[in-house]
Protein chains: 2
Amino acid sequence: MNIRSPYLLFLGDAVDPLSIKMASSAADWCPELCVGEYALPGCKVSAGLNNISIDEAVQSGAKSFVLGFANSGGTLESDWIPHILEALEAGLDIISGLHDKLTSFDVIVAKAKELNRQLIDIRHPTQKFKTGTGTKRTGKRLLTVGTDCSVGKMYTSLSLKNAMDARGMSSTFRATGQCGILISGSGVAIDCVVSDFISGAVESISPNADEEHWDIIEGQGSLSHPAFAGVSLGLLHGAQADAIVVCHAMGRDHMRGLKDYALPSIEETIALNEAAARLTNSQAKVIGVSINTSSLDADEAIKQCAAISERIGLPVVDPCRHDIGVMLDGLV
Amino acid sequence: MNIRSPYLLFLGDAVDPLSIKMASSAADWCPELCVGEYALPGCKVSAGLNNISIDEAVQSGAKSFVLGFANSGGTLESDWIPHILEALEAGLDIISGLHDKLTSFDVIVAKAKELNRQLIDIRHPTQKFKTGTGTKRTGKRLLTVGTDCSVGKMYTSLSLKNAMDARGMSSTFRATGQCGILISGSGVAIDCVVSDFISGAVESISPNADEEHWDIIEGQGSLSHPAFAGVSLGLLHGAQADAIVVCHAMGRDHMRGLKDYALPSIEETIALNEAAARLTNSQAKVIGVSINTSSLDADEAIKQCAAISERIGLPVVDPCRHDIGVMLDGLV
């Protein structure tokens, strides 16, 4: 993959903030790579950047037009195609993180070919993977896991990367989802890998390294989610994590998308993940809990994190509000 | 898929009995669908059928030429191509269970198109799947699981199907691997499904059914295998099994392909699978253990099965030597 930045983030006429996860992630984590956002009439959300035209974006140096969506089902809407074609005409590559591939739309493929532009489906791995080996690798690894999907595993991973940088620790963020790949420029969307190769793919993106180096591997799904636990377990085994950070979101009534399934407790999630992780790393240990407290006010967030920390005997923070670096004290 | 039988089973010049798993499975479980085997000079193994030419097979009514291999890596050897082309010329469809697709070889595709024959890559799903829902389905389900890969989950599942038939129980075998698909004519090779859809694919092959009907779902991999546990967990959650049969092979030194990993105990395998299965079916229960005792003589096999049965309090049999029907007594 040769992802060219800076980006123009396309929002279409989205109305649900969660549906523009690709755009929000990029605006939050690599604003220096984004020249602006491009919203259509009717759009009710924003990634917090200036709304500019495709031509203005090109004048500001944009190289790629990013479909900012992560809608349920991952479908590419036909309404977006004229704007994709306009972006190609204006000189931009197209980047998509949807399940539907850009390359399956003849009109987009023909235009890109005619103009010699790249169509980058970053969710679809192009590599050939091997099956996992379980062989111990050099260097150290930290994995984020969740009580549920969409609880902040990527935000936590990137916050930990910043905290390691601040402490002078050598580390690399390893993306396993489309948003993380867009932000970091490399990685593999594990949920799109053929299931025989889940662990093998994770082994390949986190190879042997210096003994003091930390790979911070972005987790996916949850061992307690009936649809995605297989992905989470393969990721856990392939990661061979030395350190695990459990991620959780306050205020959820049920597992994402499944109203009949309650969330597991944090204690249960710690126990499940440590037990499973020890198949490939007998020293695997949860070192802290990262909580999305956006449903609480600031005082209540601090109070609840402290209460959970007291209960489980580990650091508990919201990385968007507190210093996540406290989790690293035991690692140095 | 429109799989046309009977089959001619192609063995190439194989020397390792395990490498012709596709052929052996078909010869063992659907001999009435096989007109013979086709071995090249140098071949040291047999599926136990008459070795005949492609022309003889066609005269005996063969409709498909089955690549009998399940080699490590799933590669299609270039030496086989002339024989595939000869089979197409003679009027046969081609069926392959390899990772390498028939449809990625231009010379094979051109010949098949010219002669209007089918190229069937049965390991590669052609359906679009949904993600799992975890929603309870009507009817009953039995899943085979393993201490390791290749311990006899398919043989156990098919033996249980026969035992249910003998007792007049309504049941359907649900294949999740290429050999099972060849034998039963339908199913999904779960190890080739994109990982986001493992559980959803299993839900789709085992839909709502009559309350007294049993789907017997073929398991894959092992929760204790560092490369494939993710597949096994997704399968377990999608199956929502009421009854689980643990499969094991005597005489293994280590997990298949991974010499540094010891096999889990049968007790550990029962506990791991029951705990994980209860996420989607709180009543999930192991009802027996099926053991491949081919490394033991007949008396020793009976003695060891009895000893394990005494220890764990469940029926323990080798389905190739003993009556597996005893496991069903508690289900009727």
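**Exercise 1.** In this predicted model, what turn and what shift along the axis lay chain A on chain B?

*Solution.* Two copies of a chain are related by a rotation about an axis and a shift along it. Here a turn of 180° with a shift of 0.0 Å along the axis places chain A on chain B, at an RMSD of 0.0 Å. The two copies are thus related as by a two-fold rotation axis. As to the surface used, 100% of the interface residues of chain A are also interface residues in chain B, so the copies meet through the same surface.

**Exercise 2.** How many residues of helix H8 of chain B are buried, and against which elements do they pack?

*Solution.* Helix H8(B) spans residues 229-239, and 11 of its 11 residues are buried. Among them are Val231(B), Leu233(B), Leu235(B) and His237(B). From chain A, helices H7 (198-205) and H8 (229-239) pack against these buried residues. From chain B, the partners are strand E6 (140-146), helix H7 (198-205), strand E8 (214-217) and helix H9 (266-277). After H8(B) comes Gln240(B), with a positive phi near 50°.

**Exercise 3.** Describe how H7(B) and H8(B) pack, by angle, axis distance and handedness.

*Solution.* Their axes lie 7 Å apart, at an angle of about 40°. Angles from 65 to 115 degrees count as roughly perpendicular and those under 35 as roughly parallel; H7(B) and H8(B) are therefore oblique to each other. The crossing of H7(B) past H8(B) is right-handed. H7(B) contributes Ile198(B), Ser199(B), Gly200(B), Ala201(B), Val202(B) and Glu203(B) to the contact. H8(B) contributes Val231(B), Gly234(B), Leu235(B), His237(B), Gly238(B) and Ala239(B). By class, six residues of this contact are nonpolar, five polar and one charged.

Technical notes
Residues are numbered from 1 along each chain as its sequence is written. Chains are lettered from A and ligands numbered from 1 in the order in which they are written. This is a predicted model: local features need pLDDT of at least 70, side-chain atom pairs count only at pLDDT 80 or more; totals for chains, interfaces and linings use all residues. Copies are superposed by least squares on the C-alpha atoms of residues with pLDDT of at least 70 in both. Two residues are in contact if their C-beta atoms, placed from the backbone, lie within 7 Å. A residue is buried if 20 or more other C-beta atoms lie within 10 Å of its own, exposed if 12 or fewer, and partly exposed in between; C-beta atoms are placed from the backbone. Helices (H or I, at least four residues) and strands (E, at least two) are DSSP runs, numbered from the N terminus. Axes are lines fitted to C-alpha atoms, for helices over the stretch in contact, and angles run from 0 to 180 degrees between N-to-C directions. Angles under 35 degrees count as roughly parallel, over 145 as roughly antiparallel, 65 to 115 as roughly perpendicular and the rest as oblique. A crossing is left-handed if the near helix is turned anticlockwise from the far one by less than a right angle, and right-handed if clockwise. Ala, Val, Leu, Ile, Met, Phe, Trp, Tyr, Cys and Pro count as nonpolar, Asp, Glu, Lys and Arg as charged, and the others, Gly among them, as polar.
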